[in-house]
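I opened a fresh notebook page for this structure. Come along and read over my shoulder.

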Amino acid sequence: EKEEEKKEKEEKYKKMEEEYKRMQLQIKDMKNINDTLRCQLIDINIENQKEKKREQERNLAEKKAKANNIKVDTEKLIYIYKTSKNIKENYDIMKNDTKRMLNRFIENETKGALSDLNKFVEEFIARERAETEFEAKEFCGYFMKQGAKRKSWRKRWFIFRSDLTFEYFKSSQPGQKPLNSVSCKNKFDVHVDASMHKSFCFRIISDKRIFFLVASNAEECHRTIQRLRLWQEVNSKRLKTRSESLSSTSTT
């Protein structure tokens, strides 16, 4: 009987240990989900801030357009009133011009303001896009990287180059030989990763290997993923255009 009781206690203890391990895994999974949701929330906040900025710029452009039109029409009316000799004639001119101004404002002002606003927004987006694409051609930074064989995590200095390759070094000190040079010309993808059970982890799929990297915080993780996607988009288009132009010149 004592041995049976001892066995029952051991079995209960094993079950409790298994339940405790299972709960630990669930907690880790919940942390990874929380990190992913935090990255998505940062993305939403950034998009809301951009939309708010665009709305302010639209309102400002509309106010400027209306103010300029009213100023021009007012100056015309003042000029006519001052140069005319007959008061009655001035009155009739002002009356007709006021009606014409109001009719034009009601019918055409909104269209004019909208066209000016659309033009301003398009120019602003094009300028922001050009600046962002210029910055995305090449960039660098420190990230924790998992080794291919030992699976240990080490801090490495990464340089993402405009030919869709990246290199990593032991540090950012110049004159070092790269530990590895990786091509992403034929295959590339980047997104948040929860399989490593590490916060702020993301993975890069290259031509020959998958790299697991860790950023210092959620904001840097999200910003790096967006920047890498833009890096691939900008440089792949640029390389494609260059190859097409070279092929066309060779045929001619």
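These are my entries on one threonine, a core and some aromatic rings.

**Entry one: a threonine.** I reminded myself that I am reading a predicted model. I looked up T165 and found it in strand 3, which covers residues 165–169. Is T165 buried or exposed? Its relative accessible area is 11%, so I noted it as buried. Next I checked its side chain, which makes a polar contact with the side chain of D163 at 2.6 Å. Then I listed what T165 touches beyond four places in sequence: I159, F160, V182, S183, K185 and W231.

**Entry two: from the threonine to F160.** I followed one of those contacts, F160, and set aside its neighbours within four places in sequence. F160 is in contact with K137, E138, F139, F143, T165, F166, I204, L228 and W231.

**Entry three: the core.** How many residues does the largest nonpolar core have? I read 24, and the residues with the most contacts inside it are F160, F166, F202, I204, L228 and W231. I then asked which elements each supply at least two residues of this core. My list reads helix 1 (2–83), strand 1 (139–146), strand 2 (153–160), strand 3, strand 6 (201–205), strand 7 (210–214) and helix 3 (218–251). Helix 3 gives the largest share, five residues.

**Entry four: ring pairs.** I looked up the aromatic pairs and noted twelve. For F143 and F202, the ring centres are 5.7 Å apart and the planes stand at 85 degrees, so I wrote down edge-to-face. Because F143 lies in strand 1 and F202 in strand 6, this pair ties together parts 59 residues apart in sequence. Both F143 and F202 are buried.

I turned to F158 and F166 as well. Their ring centres are 6.0 Å apart with planes at 40 degrees, so this pair is tilted. F158 has 0% relative accessibility and therefore counts as buried. F166 also has a relative accessible area of 0%, so I marked it buried too.

Which residues do ring pairs link into a cluster? I copied them out: F139, F143, F158, F160, F166, Y168, F188, F202, F211 and W231.

**Entry five: charges over rings.** Last, I looked for charged ends sitting over rings. The charged end of K155 sits over the ring of Y142, 4.8 Å from the ring's centre. I found K198 with its charged end over the ring of W153, 5.1 Å from that centre.

Definitions and conventions: Residues numbered from 1 in each chain as written. Predicted model: local features only at pLDDT ≥ 70, side-chain atom pairs only at ≥ 80, totals over all residues. Heavy atoms only, no water. Helix = DSSP H or I, 4+ residues; strand = E, 2+ residues; numbered from the N terminus. Buried < 20%, exposed > 50% of the residue type's maximum accessible area, 1.4 Å probe, protein only. Polar contact = N/O pair within 3.5 Å; in protein donor to acceptor, adjacent residues only side chain to side chain. Contact = heavy atoms within 4.5 Å. Core = buried A, V, L, I, M, F, W, Y, C linked by side-chain atoms within 4.5 Å. Phe/Tyr/Trp six-rings, centres within 6.5 Å; stacked < 30°, edge-to-face > 60°. Lys NZ or Arg CZ within 6 Å of the ring centre and 35° of its normal.
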